Amino acid sequence: MNDKIISIKDLDLSNKKVFIRCDFNVPQDEFLNITDDRRIRSVIPTLRYCLDNNCSVILASHLGRPKEINSKYSLEPVAKRLSRLLNKEVLMAKDVIGQDAKNKANNLKPTEILLLENLRFEKGETKNDEHLAKELASMVDVYINDAFGVCHRGHASVEAITHFFDIEHRAAGFLLLKEIEFSHNLIKHPARPFVAVVGGSKVSGKLQALTNLISKVDKLIIGGGMAFTFLKAKGVDIGNSLLEEDLIEEAKNILTRGKELGVKIYLPVDVGVALSCTQDAIMKYVPIQEIPSGWMGLDIGPASVRLFKEAFADAQTIWWNGPMGVFELDKFSKGSIKMSHYISETYATTVVGGGDTADVVARSGDTDEFTFISTGGGASLELIEGKELPGVKPLRIKVNE
Ligand code: AMP
């Protein structure tokens with residue numbers, strides 16, 4: 001007995017009214033212009049498939065973290081962008097389950113698209129509220145989840161809503177299926193050598209992932225702020241660099257476990273240091289043995305970049321999650337940008353775990369060079385940690401194969 005995720009392809013969709021939970025949580029500038037529409041474009045295959053099946057389609061998503069109804073968090077700009085990408089009208093509801101949404105949903109004709117307002121304008125969304133879920137479900141015949149980025153959250157439009165559809169009327173969309181398949185293959189059948197490149201601010205945020213990965217990878221490269229807890233565990237004087245004192249023991253355990261398993265672990269050998277984390281700070285590169293007291297490491301140095309490049313020269317699979325430095329400031333972004341270039345230049349299957357790392361790759365101009373860039377940082381990390389996502393669990397069924 002195996003299990004599988006119910007695919008949108010398994011359902012009879014023709015002429016149905018379909019609800020698609022999307023992840024339209026896109027970045028916007030101060031004028032509310034969408035600065036990166038990758039998440040909107042990612043849902044288009046599922047959307048087109050529904051339209052080709054003569055469905056009327058209701059789309060829903062959250063955007064940001066509004067505490068109450070606030071026009072700043074309206075999905076109106078998303079409706080406009082989607083309409084432009086599809087070259088087709090996208091109707092916009094003024095609310096989520098209010099009169100306007102219900103009227104428009106009722107009158108929706110085959111091949112028409114309606115986008116509901118920000119799901120988080122309803123307090124019940126983050127509380128996995130059954131009433132909200134029921135109201136949303138009552139608008140349609142079929143539920144499709146294509147919002148990988150929120151599948152690690154038990155929210156009403158992700159989890160509770162699935163209670164109102166049987167297995168012939170609920171499924172995963174193409175984006176969600178692709179995300180799950182990539183993570184699954186990565187962990188279960190990676191082409192070897194398999195190299196994980198992990199960075200970002202904290203060990204605590206990625207401890208579970210590191211613990212799970214250590215028995216699966218051939219090489220582990222650790223950069224970013226979290227590297228300093230490991231360096232400290234090895235007795236290096238790290239100055240004022242980011243340190244999680246209470247995790248030094250855990251860091252030691254990971255290093256020891258790596259040694260036992262024959263996993264090659266790489267840490268930075270030099271760092272860009274500054275007295276403050278600001279763009280105008282004076283910065284210099286020093287070997288890690290020479291971090292001056294009072295200074296902090298904010299990027300990996302050129303020798304580390306070179307070393308890491310050597311380490312993934314023979315890689316067949318590379319998974320990358322977490323920047324190598326404070327990439328938001330140009331001054332400390334060089335290590336991350338170089339890593340993006342070098343990883344994308346390999347002939348390995350290259351997978352980026354979303355979030356900040358996807359931003360680094362986009363800023364480096366390498367997006368098209370990677371095999372797969374996940375649309376969900378948190379969700380992708382939880383999959384690597386080996387967890388079952390609350391949004392995916394209800395879409396899984398047992399099959400005889
Ligand atoms: P995370 O959310 O844990 O993946 O961390 C991403 C954040 O880590 C980014 O905002 C980076 O600015 C930050 N970061 C990366 N390297 C460092 C460092 N050396 N010191 C402090 N913060 C860092």
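**Entry 1. Terms and model**

I take helices and strands as DSSP runs numbered from the N terminus, a strand having at least two residues and a helix at least four. I note that the model is predicted. On this basis I find 13 helices and 17 strands in the chain.

**Entry 2. Overall dimensions**

I looked up the extent of the chain. Its C-alpha atoms fill a box of roughly 70 × 55 × 35 Å along the principal axes. The radius of gyration is 23 Å, and a compact globule of 401 residues would have one near 21 Å, so I record that the two agree.

**Entry 3. The sheet of 6 strands**

I traced an open sheet of 6 strands in the order E4-E5-E3-E2-E6-E7, and its pairing is parallel. Strand E4 (91-92) and strand E7 (170-172) are the edge strands; each has a single partner strand, so one side of each has no neighbour in the sheet.

I then examined one pair within this sheet. Strand E3 (residues 56-60) and strand E5 (residues 113-115) run parallel and are joined by 3 bridges. Ile 58 has Leu 114 in E5 as its bridge partner.

I also checked which helices pack here. Helix H4 (residues 99-106) touches strand E2 (17-21), E3, E4 and E5, and its direction makes about 170° with that of E5. Helix H3 (residues 76-86) lies across E3, E4 and E5 and runs at about 155° to E5.

**Entry 4. The sheet of 3 strands**

I turned next to an open sheet of 3 strands, ordered E12-E11-E13, with antiparallel pairing. Strand E12 (283-287) and E13 are at the edges; each has a single partner strand, so one side of each is left without a neighbour in the sheet. From one strand to the next, the twist averages 40°.

Strand E11 (residues 270-274) is joined to E12 by 5 bridges, and the two run antiparallel. Within this pairing I located Asp 270, which stands opposite Pro 287 in E12.

Two helices were looked up against this sheet. Helix H10 (residues 302-311) lies across E11, E12 and E13, at about 45° to E13. Helix H11 (residues 334-345) lies across E12 and E13, at about 25° to E13.

**Entry 5. Cavities**

I searched for enclosed space and counted 2 cavities of 30 Å³ or more.

The largest cavity holds about 50 Å³ of space. Among the residues that line it are Glu 179, Phe 182, Trp 319, Phe 372 and Ile 384. Helix H6 (174-188) and helix H13 (377-384) are the elements that give two or more residues to this lining. The largest share, 4 residues, comes from H6. I classed the lining of the largest cavity as 6 nonpolar, 4 polar and 1 charged residues.

The second largest cavity holds about 40 Å³ of space. Its lining includes Gly 224, Phe 228, Pro 268, Val 271, Asp 299 and Met 324. Helix H8 (227-233) and strand E13 (296-300) each give two or more residues to the lining of this cavity. Which element provides the largest share of the lining of the second largest cavity? I find that E13 does, with 4 residues. By class, this lining has 7 nonpolar, 3 polar and 1 charged residues.

**Entry 6. Cross-reference**

I note that E13 appears twice in these entries: E13 is an edge strand of the sheet of 3 strands, and E13 also contributes to the lining of the second largest cavity.

Note on methods: Residues are numbered from 1 along each chain as its sequence is written. This is a predicted model: local features need pLDDT of at least 70, side-chain atom pairs count only at pLDDT 80 or more; totals for chains, interfaces and linings use all residues. Side-chain values use heavy atoms; hydrogens and water are left out. On a 1 Å grid over the protein atoms alone, a cavity is a set of points where a 1.4 Å probe fits but cannot get out, and a pocket is an open set with protein on both sides within 12 Å along at least five of seven lines; lining residues have an atom within 4 Å of a point. Grid points are joined across faces, edges and corners, and a volume is the space filled by probe spheres set on the points. Ala, Val, Leu, Ile, Met, Phe, Trp, Tyr, Cys and Pro count as nonpolar, Asp, Glu, Lys and Arg as charged, and the others, Gly among them, as polar. Two strands pair if DSSP finds at least two bridges between them. Axes are lines fitted to C-alpha atoms, for helices over the stretch in contact, and angles run from 0 to 180 degrees between N-to-C directions. Contact means heavy atoms within 4.5 Å. The radius of gyration is taken over C-alpha atoms; the globule rule is 2.2 Å times the number of residues to the power 0.38.
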